Amino acid sequence: MVLKFPLIVLTFLALTATAQNKMKKAEELIDKVDPGWTLVEDWIKTAKNKVEILPVDALKAKEVLYKTQVTTRSPMGAIVYHTGGLLIDDGWIRILGSGSAKFNRTLPDWNKGKSFNDFGETAPFLLVADDAIGGFYLLNGGGLGSDVGKMYYFSPDNLEYEQLDITYSEFLGFCFDNDLDKFYQGNRWNGWRAEVSKLKGDEVFNFYPFLWTAEGNDINKNSRKIISVQEQYGLNLDLRKQLGFDK
């Protein structure tokens with residue numbers, strides 16, 4: 001997949017690297033002077049693509065922010081603290097926040113056991129978003145390459161970690177304003193929007209033949225079923241190993 005987006009200078013997000021016993025309190029992470037949500041809201045208001053802001057539970061958001069250890073001055077911290085998550089293009093892309101009934105996953109809890117074992121650890125990467133076809137967006141913390149702070153796409157059509165060469169802030173710009181039909185060319189089937197709009201935030205479509213096979217390159221001919229996003233993520237990792245990508 002090829003990513004093209006307008007050149008925009010956006011806020012660079014740096015992950016807060018803290019040892020577990022030095023985790024900052026939620027109150028220390030809440031920036032009332034220069035909140036990042038003001039900026040994110042402005043981007044959403046002018047977005048070309050449909051963006052749904054999921055409702056937030058204030059108490060839960062505070063706990064999730066503490067587990068994430070990112071200031072609300074950053075776009076990531078702002079989304080965690082002010083939203084239950086964001087749904088892009090009728091739910092085709094799901095950006096993790098503090099969780100909601102429609103999108104019952106939080107950013108830190110989803111990553112626990114995948115990118116780190118205990119809250120407060122410095123993570124080699126963070127899973128920050130995913131899509132309806134089993135693709136995952138990751139923020140590199142050093143485990144994916146030397147380009148720390150840049151985004152990768154764990155693509156279901158080749159099982160590769162594709163470098164996107166954008167920051168988290170720029171990723172939001174991609175979600176809000178990029179031509180998603182072009183980015184996902186060949187991976188959107190006839191009538192996808194109606195089906196995806198009914199999908200829960202912890203579900204994805206699983207395809208057979210697999211999208212990365214020669215037999216599966218015409219998505220309109222593939223069979224598809226709904227499975228949990230957890231099952232799909234594990235399947236992607238297992239397939240990478242079986243194919244010899246991870247040795």
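This report describes the sheet, the helix packing and the nonpolar core of a predicted model.

**The sheet**

The strands form an open sheet of 7 members in the order 1-2-3-4-5-6-7, with antiparallel pairing. Its edges are strand 1 (51-53) and strand 7 (161-163), each of which pairs on one side only. From one strand to the next, the twist averages 25 degrees.

Strand 4, residues 125-131, is mostly covered, with 7 of its 7 residues buried. On one side, strand 4 pairs with strand 3 (residues 93-96) in the antiparallel sense over 3 bridges. Strand 4 also pairs with strand 5 (residues 136-140), again in the antiparallel sense, over 5 bridges. Individual partners across these strands are listed below.

| Residue | Partner | Strands |
|---|---|---|
| Isoleucine 93 | Aspartate 131 | Partner in strand 4 |
| Isoleucine 95 | Alanine 129 | Partner in strand 4 |
| Alanine 129 | Tyrosine 137 | Partner in strand 5 |

Alanine 129 thus has isoleucine 95 opposite it and tyrosine 137 as its bridge partner in strand 5. The hairpin of strand 4 and strand 5 has 4 residues between the strands, and glycine 134 in this hairpin takes a positive phi near 85 degrees.

Helix 9 (residues 229-242) lies across strand 3, strand 4, strand 5, strand 6 (151-154) and strand 7. With respect to strand 6, helix 9 runs at about 85 degrees.

**Helix 6 and the nonpolar core**

Helix 6 spans residues 168-177 and is largely enclosed by the rest of the structure, because 9 of its 10 residues are buried. The buried residues are Tyr168, Ser169, Glu170, Phe171, Leu172, Gly173, Phe174, Cys175 and Phe176.

The largest nonpolar core has 69 residues, of which Ile93, Ile95, Val128, Tyr137 and Phe176 touch the most other members. Helix 6 gives the most to this core, with 6 residues. Two of the residues named for the core, Ile95 and Tyr137, also appear in the table: isoleucine 95 opposite alanine 129, and tyrosine 137 as the bridge partner of alanine 129.

Phenylalanine 176 belongs to helix 6. Leaving aside its neighbours within four places in sequence, phenylalanine 176 is in contact with Val40, Trp43, Ile44, Ala47, Lys48, Asn49, Val51, Leu86 and Ile88.

**Packing of helix 4 on helix 6**

Two packed helices are described by the angle between their axes and the distance between the axes. For helix 4 (residues 75-82) and helix 6, the axes come within 9 Å and cross at roughly 65 degrees. The residues of this contact divide into 5 nonpolar, 1 polar and no charged. Helix 4 contributes Pro75, Met76 and Ile79, which meet Tyr168, Ser169 and Leu172 in helix 6.

**Serine 74, ahead of helix 4**

Serine 74 lies in the loop between helix 3 (58-68) and helix 4. Is serine 74 buried or exposed? Its relative accessible area is 7%, which is under the 20% limit, so serine 74 counts as buried. A polar atom of the serine 74 side chain lies 2.7 Å from the backbone oxygen of threonine 71. The backbone nitrogen of glycine 77 lies 3.1 Å from a polar atom of the side chain of serine 74.

Key
Residues are numbered from 1 along each chain as its sequence is written. This is a predicted model: local features need pLDDT of at least 70, side-chain atom pairs count only at pLDDT 80 or more; totals for chains, interfaces and linings use all residues. Side-chain values use heavy atoms; hydrogens and water are left out. Buried means under 20% relative accessible area, exposed over 50%, partly exposed in between (1.4 Å probe, protein chains only). Helices (H or I, at least four residues) and strands (E, at least two) are DSSP runs, numbered from the N terminus. Two strands pair if DSSP finds at least two bridges between them. A nonpolar core is a set of buried Ala, Val, Leu, Ile, Met, Phe, Trp, Tyr and Cys residues joined through side-chain atoms within 4.5 Å. Contact means heavy atoms within 4.5 Å. Axes are lines fitted to C-alpha atoms, for helices over the stretch in contact, and angles run from 0 to 180 degrees between N-to-C directions. Ala, Val, Leu, Ile, Met, Phe, Trp, Tyr, Cys and Pro count as nonpolar, Asp, Glu, Lys and Arg as charged, and the others, Gly among them, as polar. A polar contact is a pair of N or O atoms within 3.5 Å; within protein, one must be able to donate a hydrogen and the other to accept it, and residues adjacent in sequence count only if both atoms are side-chain atoms.
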